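Welcome! Take a moment to turn the structure around on your screen, and then use the briefing below as a guide.

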Amino acid sequence: MAQTPALVQGREAFARQKWREAYEHLSAADRESRLEPADLERFATAAYLVGEDAHAVTNWTRAHHDLIDQGHVERAARWGFWLSLYMLLAGEMAQTTGWLARSQRLLKDREEACVEQGYGLIVTGLLAMGKGNTESAGTSFEQSVALAERFGDPDLLALGLLSQGQRLIQSRKNAEGVAQLDEAMLAVTAGDVSPVLAGIVYCAVILTCQGIFDLHRASEWTTQLDIWCASQPDLVPYRGQCLVHRSEILQLKGDWPGALAEAIKARDHLAERSEAAVGRACYQQGELHRLRGEFAQANEMYREASRNGCEPQPGLSLLRLAEGKPDAAVALMRSVADSAGSLQGPGAGSSRAKLLGPYVEILIASGDLVTARATADELTQIATTIEAPILLATSTQATGAVLFAEGKMKAALALLREAWAFWQKLEAPYESARVRVLIGRVCQRLGDHETARMHFHAAHSVFGQLGAAPDLVELERLIATRSAGPLDALTDREREVLSLVASGEPNRQIASALGISEHTVARHLSNIFDKLGVTSRTAASAFAHTHKLV
């Protein structure tokens with residue numbers, strides 16, 4: 001092909017990683033005269049990196065066929081395997097298996113091994129892993145890594161290490177798995193891996209670390225991804241995901257304005273792409289609106305997340321709880337939690353461990369302490385197995401909250417203090433403040449009013465700094481209740497419940513007499529204990545008799 005100015009400029013821009021410029025020039029050159037396979041590969045790569053997926057697939061396909069026509073079968077097979085992997089990541093299973101079979105057929109008569117076979121082994125292994133056949137997947141990944149090392153192919157090596165790491169983690173061998181992920185990332189951060197594969201490895205490693213609640217590692221690699229993306233402003237497929245990851249980390253660290261700004265930028269960046277990252281960006285924005293008390297905006301973002309294929313839980317259920325609708329929150333969470341981790345149902349694909357902590361909070365608010373206890377125990381079992389700090393913090397807090405609701409104050413206090421220490425180590429100010437509110441409430445019940453005030457005031461300061469409006473309102477209500485007389489703090493319904501308790505009626509009869517559920521009775525009783533500063537029905541009954549409520 002003639003060296004036209006557009007072609008020369010396109011190649012130069014590609015070498016400088018100016019992806020948009022390369023795409024425009026190579027597109028112009030292709031209109032002037034059909035590009036040769038090597039330039040079609042550049043054109044396709046630039047198209048993919050600026051978000052023009054359809055053009056990328058078209059040009060990779062063209063390169064594949066042209067290479068076959070020119071007798072470069074191995075190179076053609078490589079792009080066939082890449083298209084198979086691309087289709088797999090996009091969820092297009094028929095095209096995945098079609099491209100895999102085509103490319104394997106191109107190489108079936110070879111007597112000598114070649115590096116391209118390694119890419120086919122990656123796809124074969126991923127398909128096996130998706131069916132739960134981790135042993136077969138492991139064999140495929142090991143063979144691909146061996147081929148990568150034999151032929152010195154950094155792209156295949158990074159892909160093989162990534163896949164092997166994910167397989168080990170799926171087999172609950174987390175320590176071995178993350179070691180493989182870290183090794184894959186070393187090649188990526190050293191610049192040895194091509195841009196398309198580098199972005200895939202970055203995002204896959206971060207998502208895998210988040211999936212096992214290894215937030216420190218996820219944060220570290222997100223920082224590296226942010227630097228990598230910043231060096232290539234034209235990037236589309238990874239820049240949006242990077243912004244979502246950054247938003248999640250900023251939220252945990254207490255920079256909510258920064259987290260919201262990153263989530264909004266991610267949505268804008270991904271506006272023209274119909275992929276899961278869009279839904280995650282919407283969900284993340286919904287979370288921040290909910291925490292700030294902007295409930296209408298949160299509701300819309302959760303629905304937008306759902307429309308883009310992202311399960312809006314546990315955020316949507318926590319929103320219903322914040323709106324004063326505990327029964328609706330329980331119903332929403334139950335339908336998702338029952339199928340979380342499975343392949344079908346409302347919660348399909350959701351992390352069950354991620355749902356259980358909020359589920360416990362919602363169950364306690366609804367008065368269902370039996371299910372709350374069972375759920376907290378399940379979360380503790382998962383946290384003990386995984387040993388991730390954030391899960392240990394969440395499970396310890398959940399169990400402490402259940403013990404508090406059950407009236408077991410000393411045991412609750414010990415666990416809540418332990419949870420507070422976990423959150424402090426994670427440098428998570430909001431979660432630390434929330435557990436301090438619980439500690440304060442327990443101290444109040446135990447008669448340690450000075451310590452309770454200390455925790456309440458510290459939490460109040462954090463909520464104010466963060467802009468956590470709903471938590472701030474609830475804490476101020478709690479403090480005001482403590483300042484008022486305990487009798488004045490009771491609502492009319494709580495007085496009715498207390499009167500029946502003092503008369504010796506069990507919860508079932510109270511529920512029947514007042515036309516409410518037993519869970520609602522339990523919730524009222526928990527609030528009564530909290531406001532009166534007592535820990536038992538006997539003490540509450542004594543208060544009722546003293547104040548002539550019977």
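Here is a short tour, from the whole chain down to single side chains.

Please keep in mind that this is a predicted model. The chain has 550 residues, and 52% of them count as buried. Its secondary structure comprises 30 helices and 0 strands.

**The chain as a whole**

- Along the principal axes, the C-alpha atoms fill a box of roughly 100 × 45 × 40 Å.
- About 23900 Å² of the chain is exposed, and 51% of that area comes from carbon and sulfur atoms.
- Look at contacts between residues at least 6 apart in sequence: 57% of them join residues at least 24 apart.
- The chain carries 55 positive and 66 negative charges, and the mean positions of the two sets are 6 Å apart.

**Aromatic pairs**

- A pair of aromatic rings is described by two things: the distance of the centres and the angle of the planes.
- Counting rings whose centres lie within 6.5 Å, there are 13 aromatic pairs.
- One of them joins Tyr-23 and Phe-43, with 5.6 Å from centre to centre and 40° between the planes, which makes the pair tilted.
- Tyr-23 belongs to helix α2 (residues 19–32) and Phe-43 to helix α3 (residues 37–49), so this pair ties together parts that are 20 residues apart in sequence.
- Are these two residues buried or exposed? Tyr-23 counts as buried because its relative accessibility is 6%, and Phe-43 is buried with a relative accessible area of 5%; the cut-off for buried is under 20%.
- Tyr-48 and Tyr-86 form an edge-to-face pair, with centres 6.1 Å apart and planes at 80°.
- Tyr-48 sits in helix α3 and Tyr-86 in helix α5 (residues 73–89), so the pair links distant parts of the chain, 38 residues apart.
- Both Tyr-48 and Tyr-86 are buried.
- These two tyrosines also share one aromatic cluster with Trp-60, Trp-79 and Trp-82.

**A charge over a ring**

- Find Trp-99 and look for Arg-102: the charged end of Arg-102 sits over the ring of Trp-99, 5.3 Å from the ring centre.

**A buried asparagine**

- Where is Asn-59 found? Asn-59 is part of helix α4 (residues 53–69).
- With a relative accessibility of 4%, Asn-59 counts as buried.
- Setting aside neighbours within four places in sequence, Asn-59 is in contact with Leu-40, Phe-43 and Ala-44.
- You have met Phe-43 already: it is the partner of Tyr-23 in the tilted pair.

Note on methods: Residues are numbered from 1 along each chain as its sequence is written. This is a predicted model: local features need pLDDT of at least 70, side-chain atom pairs count only at pLDDT 80 or more; totals for chains, interfaces and linings use all residues. Side-chain values use heavy atoms; hydrogens and water are left out. Rings of Phe, Tyr and Trp (its six-membered ring) pair if their centres lie within 6.5 Å; planes under 30 degrees apart count as stacked, over 60 as edge-to-face and the rest as tilted. Helices (H or I, at least four residues) and strands (E, at least two) are DSSP runs, numbered from the N terminus. Buried means under 20% relative accessible area, exposed over 50%, partly exposed in between (1.4 Å probe, protein chains only). A charge sits over a ring if NZ of Lys or CZ of Arg is within 6 Å of the ring centre and within 35 degrees of the ring normal. Contact means heavy atoms within 4.5 Å. Accessible areas come from the Shrake-Rupley method with a 1.4 Å probe; for residues, only the protein chains shown count as cover. Lys and Arg count as positive and Asp and Glu as negative; His and the chain ends are not counted. The place of a charge is taken as NZ of Lys, CZ of Arg, CG of Asp or CD of Glu.
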